[in-house]
Amino acid sequence: MFVDEAKIYVKAGDGGAGCVSFRREKFTPKGGPDGGDGGSGGSIIFVADENKNTLLDFAGKHHWIAERGQHGMGSKCFGLSGNDLVIQVPVGTMVFDADTEMLIADMDADEKRVVIAQGGMGGRGNVHYKSSTNQAPRYAQTGTEGVARNLKLELKLIADVGLVGMPNAGKSTLLRTISHARPKVADYPFTTLEPQLGIADLVGDRRMVIADIPGLIEGAQHGAGLGHAFLKHIERTKIIVHLLDLYPTDNSNPADNYRKIRGEIEAFSEVLANKDEVIAANKLDLSIDDEELEKLRKDLPGKEIHAISGVSKLGVEKLLDVIWHRLHPAAD
């Protein structure tokens, strides 16, 4: 199950209180103060993990609380510090303070560690307060409270390439062809209900991470269809591959479909609209001649259109090579 948003409450451990104690031993009737310090509370630490790709762990658990520090004890015994609570999140998770909407951390790299809530400090015992003028201090510090926060977690998948297009354009078929990912494929729209990631291996030890985004429809930026919830997942991609169905089952015009999706992308995010784009005309295996392909190129003047078939793999290797060199222009 793919979950890309969650709201949770985190509480770092409180610090333990310092101890008020005096040495009491046989033959030592007037022992001095010997109260130890309290232990520090555990912190809440987020760690990005590339092996995770969903926030499902937070769907059923909304309270995450670290251990508190133990109180100090007599005989100068210090309380144990609470263990930090280390929470693994998918790479690409953005952590917001739910109350202020301030971005706390962007977990954009594998193994990145961020202290989200600092544990409280342990209080000092009365052993620290003895002096020549105060030989029997009867006070100690209380520990400070650990930081508590309401958090909003938002996952934006990190990929090199984002596949976009109308429902049933063949994005999932293409992803299955070029990677080991196995998204659902069927002959009806909206078979992809959640983003899918795949790794495409190219000749010469080259590879790309590709995200298949659920099909977009007109009005996606306003919540129509499935696209609105997933458009954010291509905001981090470097290149958009716009897949067009040369032979739509609803007899729509491929060029008009392109303009509709571009309109949704531009309305959703200016940053997204300005990303490098590669256009691929899919389902070439269904063509008898080049009539539809030439018509599409005429309807989209000035656009470089690559003809492919995700089923027969025709033109796919060339398309991947084009994408690779767009990603790595210095390699040319």
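This section walks through the nonpolar cores, one strand hairpin and the salt bridges of a predicted model.

The nonpolar interior comes first. The largest nonpolar core contains 25 residues, and I44, F46 and F58 are those with the most contacts inside it. Elements giving two or more residues to this core are β1 (5-11), β2 (44-49), β4 (85-90), β6 (103-107), β7 (113-117) and β8 (148-155). F58 offers a handy viewpoint for a look around: leaving aside neighbours within four places in sequence, F58 is in contact with A6, I8, W64, I87, Q88, V89 and L153. A second core, separate from this one, has 21 residues, including L175, I178, W324 and L327.

Strand β6 also takes part in a hairpin. Its partner is β5 (residues 93-97), and the two strands pair in the antiparallel sense over four bridges. Within this pairing, T93 stands opposite M107 of β6. Five residues lie between the two strands of the hairpin, and in the turn E101 has a positive phi of about 65°.

Turning to charged side chains, the structure holds 16 salt bridges. One of them joins D97 to R149, with the closest N and O atoms 3.7 Å apart. Because D97 belongs to strand β5 and R149 to strand β8, this pair ties together parts that are 52 residues apart in sequence. The burial of the two partners can be read from their accessibility: D97 counts as buried at 10% relative accessibility, while R149, with a relative accessible area of 22%, is partly exposed.

The other strand of the hairpin carries a salt bridge as well. D106 pairs with R236, and here the closest N and O atoms are 2.8 Å apart. This contact links distant parts of the chain, with D106 in strand β6 and R236 in the loop between α2 (227-230) and β12 (239-245), 130 residues apart. D106 is partly exposed, with a relative accessible area of 22%, and R236 also counts as partly exposed, at 21% relative accessibility.

A further salt bridge brings together the side chains of R326 and E304, at 3.9 Å from N to O. R326 sits in helix α6 (residues 316-327) and E304 in the loop between α5 (291-299) and β14 (305-307), so the pair ties together parts that are 22 residues apart in sequence. R326 counts as partly exposed at 29% relative accessibility, and E304 is partly exposed with a relative accessible area of 48%. Finally, R262, E266 and E277 are joined into one network by salt bridges that share partners.

Terms used:
Residues numbered from 1 in each chain as written. Predicted model: local features only at pLDDT ≥ 70, side-chain atom pairs only at ≥ 80, totals over all residues. Heavy atoms only, no water. Core = buried A, V, L, I, M, F, W, Y, C linked by side-chain atoms within 4.5 Å. Buried < 20%, exposed > 50% of the residue type's maximum accessible area, 1.4 Å probe, protein only. Contact = heavy atoms within 4.5 Å. Pairing = 2+ DSSP bridges. Salt bridge = Lys/Arg side-chain N within 4 Å of Asp/Glu carboxyl O.
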